[in-house]
Amino acid sequence: MMDVARLAGVSHQTVSRVLNDHPNVRQSTRSRVLWSMRELGYRPNSAARTLVTGHSRTIGVIGLDSTLYGPAATMHGVDDAARRADYRVNTVGLASIDRISVLEAVERLATAGVEGVVVIAPLSSASEALADLPTDIPTVVVNAHPESDIASVTVDQAHGAQRATEHLLSAGRSTVWHVAGPANWSESRGRIEGWTRALDAARVDVPPPLTGDWSARSGYEAGRVLARLPEVTAVFAGNDHMALGLLRALHEFGRAVPDEVAVVGFDDIPEAAYFTPPLSTVRQDFSEVGRRCVRLLIGQIETPGEAAECSVVTPELVVRRSSTPSKVPQVGRGSGRE
């Protein structure tokens, strides 16, 4: 720091202010200090900085070690928001979100000096793990159980599913079938709830849902069943990958999408707009989830004892060609509920 100060022609206190992003530094001085740091190859010692300030400016993120779009995008959203807030991120991926795994991960991160933890908890098994989290570590949970007293950020899955189902019904479909995700995922339960709510409100039949595992293969297998049923004219798939497999099966059976069967997915993966036909879906704003997680966590870090806040992100229906036919099929209409 003394070398940087000497080259920049400022005091070492000024260099310290620049490093800590202090507002009372002229822009010309800040630029000169940053240039001197680059010129000398100077990098701040984070361990020393922690000793001086008492803050590591590091948070931990615990999530499912998965290539599935939802968990991966959520983790990326939190990581990106943390870096924008000038916090480093220490990530732990777990094979399963259970009590022992989560507690061990929290302990490991606490030993590494993180100031708080974000837990991405999409599985039902997480509720037991979260109940035993240490109370002395600021924590925010993504997709916490509704009755949890821990600060949380949740996407309103039921609202998104209800909007998707209402959109399909609005075109005059007799009912909407559903390819659900795994039963042990909170997202699956929320989407089934919203789908059922929309059908009940419309007073139409609620068909038995088919269950997949989020993969395109499981969507394809469900599609082979649904494609054989002439009464199927609309399907809400629990995620876009299962919708992709569903579209393939419908095509193989000669069921035209969207004229014969309308399809809506969930997530709005980057490839959804390039499916054949382009996929209508429900978009989750994972960047917003990340921003809210980091805001809540920094609030706890800077204001210990702050009351836990539960923040809900509302998803958005994105309408594309897969659900907007030129005509509505009449097969199976008017059957009513038995």
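This briefing covers the fold, sheets, nonpolar cores, cysteines and two individual residues of one protein chain. The structure is a predicted model. The chain has 338 residues, of which 50% count as buried, and its secondary structure comes to twelve helices and twelve strands. The C-alpha trace spans about 80 × 40 × 30 Å along its principal axes. Of the contacts between residues at least 6 apart in sequence, 73% join residues at least 24 apart.

**Strands S1 and S2**

- Strand S1 (residues 58–64) and strand S2 (residues 88–94) run parallel and are joined by seven bridges.
- In this pairing, Leu 64 has Leu 94 of S2 opposite it.
- Helix H5 (residues 69–84) belongs with S1 and S2 to a β-α-β unit, and the unit is right-handed.

**Strands S3, S4 and S5**

- Four bridges link strand S3 (residues 116–120) to S4, and the pairing is parallel.
- A right-handed β-α-β unit is made by S3, helix H7 (residues 126–131) and S4.
- S4 also runs parallel to strand S5 (residues 151–155), to which it is joined by three bridges.
- Val 141 of S4 ties the two pairings together: Val 119 stands opposite Val 141, and in S5 the bridge partner of Val 141 is Ser 152.
- In a regular strand, side chains alternate between the two faces of the sheet.
- Strand S4 (residues 139–142) is covered on both faces, with Thr 139 and Val 141 buried on one side and Val 140 and Val 142 buried on the other.

**The sheet of S6 to S9**

- Four strands form an open sheet with parallel pairing, in the order S7-S6-S8-S9.
- Its edge strands, each pairing on one side only, are strand S7 (210–211) and strand S9 (262–264).
- Strand S8 (residues 234–237) pairs with S9 over three bridges in the parallel sense.
- Across this pairing, Ala 234 stands opposite Ala 262 in S9.

**Nonpolar cores**

- Nonpolar side chains tend to be buried together in soluble globular proteins.
- The largest nonpolar core here has 45 residues, and those with the most contacts inside it are Ile 62, Ile 97, Leu 130, Leu 226, Val 235 and Val 263.
- Helix H11 (residues 240–252) contributes five residues to this core, the most of any element.
- A second core, separate from the largest, has 23 residues, including Ala 81, Val 118, Val 153 and Ile 301.
- Ile 62 has contacts with residues beyond its neighbours within four places in sequence, among them Met 75, Val 92, Leu 94, Val 102, Ala 105 and Val 106.
- The contacts of Ile 62 also include Leu 109, Val 117, Val 118, Val 119 and Ile 120.

**Cysteines**

- The count of disulfides comes to zero.
- Cys 293 is in no disulfide, as the nearest cysteine sulfur, that of Cys 310, is 12 Å away.
- Cys 310 is likewise in no disulfide, and the nearest cysteine sulfur to Cys 310 is that of Cys 293, at 12 Å.
- The cut-off for a disulfide is a sulfur pair within 2.5 Å, so a separation of 12 Å does not qualify.
- Cys 293 has a relative accessible area of 0% and is therefore buried, since buried means under 20%.

**Gln 13**

- Gln 13 lies in helix H2 (residues 12–19).
- Its relative accessibility is 39%, so Gln 13 counts as partly exposed.
- The side chain of Gln 13 makes a polar contact, at 3.4 Å, with the side chain of His 12.
- Met 1 is twelve residues from Gln 13 along the chain, and the C-alpha atoms of the two are 9.1 Å apart.

**Arg 32**

- Arg 32 is part of helix H3 (residues 27–40).
- With a relative accessibility of 36%, Arg 32 counts as partly exposed.
- Setting aside residues up to four places away in sequence, Arg 32 touches Ala 8, Gly 9 and Val 10.
- The backbone oxygen of Ala 8 is reached by the side chain of Arg 32 at 2.7 Å.
- The C-alpha atoms of Arg 32 and Ala 243 are separated by 55 Å, and the two residues are 211 apart along the chain.

Conventions:
Residues numbered from 1 in each chain as written. Predicted model: local features only at pLDDT ≥ 70, side-chain atom pairs only at ≥ 80, totals over all residues. Heavy atoms only, no water. Buried < 20%, exposed > 50% of the residue type's maximum accessible area, 1.4 Å probe, protein only. Core = buried A, V, L, I, M, F, W, Y, C linked by side-chain atoms within 4.5 Å. Contact = heavy atoms within 4.5 Å. Pairing = 2+ DSSP bridges. Right-handed = clockwise from strand over helix to strand, strands pointing away. Polar contact = N/O pair within 3.5 Å; in protein donor to acceptor, adjacent residues only side chain to side chain.
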